[in-house]
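Please look over the sequence and the model shown here before reading on. The paragraphs after it walk through the fold, the core and the surroundings of the ligand.

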Amino acid sequence: MTPYLDVTVDSSFDALVNQFPQWGIDSIDILIGNAGIATSEHPHENVLDANLEEMFSVFNTNVVGNMRLLRTFTPFLQKSHLKLAVIMSSRMGSIGDVTDRGEAVVYRISKAALNMMSVLYALDPAVKDNGVKVLIVHPGWVKTDMGIAGGQPAKIDIDQSTNSIIDMIEKVCVSQLRQFKGKSDGKESGDKSGEDIVGSIRFSTNIQEIEKRANFNEVVSHLDSDNFVFANYDGRILQW
Ligand SMILES: NC(=O)c1ccc[n+]([C@@H]2O[C@H](COP(=O)([O-])OP(=O)(O)OC[C@H]3O[C@@H](n4cnc5c(N)ncnc54)[C@H](OP(=O)(O)O)[C@@H]3O)[C@@H](O)[C@H]2O)c1
């Protein structure tokens, strides 16, 4: 049975990683930190009345949980050719974008902290110098349990959000592979040449079609220059 990864429990990471040799896994191409929770009052809470006990638990999942994830799996990312960490954050963690009343504070503060943690991770030489890229994503206001909590009128369907995020991830991966291939052309990397590796990844369509997805060009260029980016699911760059 596949062990359930509870991002708040250290031993559940150990249990999962212990299975890797049996499954033949020694590297991870794309690591997605998706786990996230909000408080039981979400989004109807403010600084003056938010439940502080719940705040610890939201932080433990949304911030510390992602730190545990990155710490555990970075050695596996470093061994891959794609080397992409995707962190599911939220536009609600943007300080520059706050326009409404001071609500949903616990969730917002946790996502602002998650953004900072993700950027600091991306800047760590052990990450940056190894070519690991960090894509921090706002999935949109999606009709999930969280999106409709407290009677909120979420705007987009799960398929619309996930399909667009997959398109964006593919575009970033193709760019990573192109760079890897550029560096490795004429050389061998382990037992595979750059051309073999590009050819061995299964994308949803061919590489030429993926490269035409111009709405994600800015995401790729931020990742090339800074190693991290905060992007909307449709490729729009977001304010910190
Ligand atoms: N929905 C939105 O509008 C929206 C907007 C912005 C950002 N986000 C972010 O998108 C991500 C997914 O949220 P969602 O909308 O799909 O919310 P959701 O419907 O409430 O699902 C939450 C997800 O997090 C997982 N999770 C919670 N605690 C966990 C733990 N301790 N260990 C492992 N997994 C855990 C859940 O796994 P189980 O199913 O196994 O419990 C579930 O897959 C979250 O990070 C959220 O903050 C969502």
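What follows begins with the overall architecture and then moves inward to the core, one helix and the ligand.

The model is a predicted one, and its protein chain contains 8 helices and 4 strands. Read from the N terminus, these elements come in the order α-β-α-β-α-α-β-α-α-α-α-β. The radius of gyration of the protein chain is 19 Å, close to the 18 Å that the globule rule gives for 240 residues, so the chain is as compact as a globular protein of that length. Along the principal axes, the C-alpha trace spans about 60 × 40 × 35 Å. Of the 240 residues in the protein chain, 32% are buried, and among contacts with a separation of 6 or more, 68% are made by residues 24 or more positions apart.

Turning to the interior, the largest nonpolar core has 37 residues, and those with the most contacts inside this core are Ala85, Leu135 and Val172. At least two residues of this core are supplied by each of α2 (52-78), β2 (84-88), α3 (105-123), β3 (133-138), α5 (158-184), α8 (217-226) and β4 (228-232), with the largest share, 7 residues, coming from α5. Beyond its neighbours within four places in sequence, Val172 is in contact with Leu84, Lys133, Leu135, Val219, Val220 and Leu223. Apart from this core lies another, of 8 residues, which includes Ala50, Ala104, Val105 and Tyr107.

Three of the contacts of Val172, namely Val219, Val220 and Leu223, reappear when α8 is considered by itself, since they are the buried residues of that helix. Why do these residues lie on the same side of α8? They cover an arc of only 100 degrees around the axis, which puts them on the same side of the helix. As a general point, an α-helix has 3.6 residues a turn, so residues three or four places apart point the same way. Just after α8, Asn227 takes a positive phi of about 85 degrees.

The last stop is the ligand, which is surrounded by 21 residues, the closest being Ala35, Gly36, Thr144, Met146 and Gly147. By character, the residues of this shell divide into 10 nonpolar, 9 polar and 2 charged.

How values were computed
Residues numbered from 1 in each chain as written. Predicted model: local features only at pLDDT ≥ 70, side-chain atom pairs only at ≥ 80, totals over all residues. Near = placed C-beta within 6 Å. Nonpolar A, V, L, I, M, F, W, Y, C, P; charged D, E, K, R; others polar. Core = buried A, V, L, I, M, F, W, Y, C linked by C-beta atoms within 7 Å. Buried ≥ 20, exposed ≤ 12 C-beta atoms within 10 Å, placed from the backbone. Contact = placed C-beta atoms within 7 Å. Arc of directions from axis to C-beta. Rg over C-alpha atoms; globule rule 2.2 N^0.38 Å.
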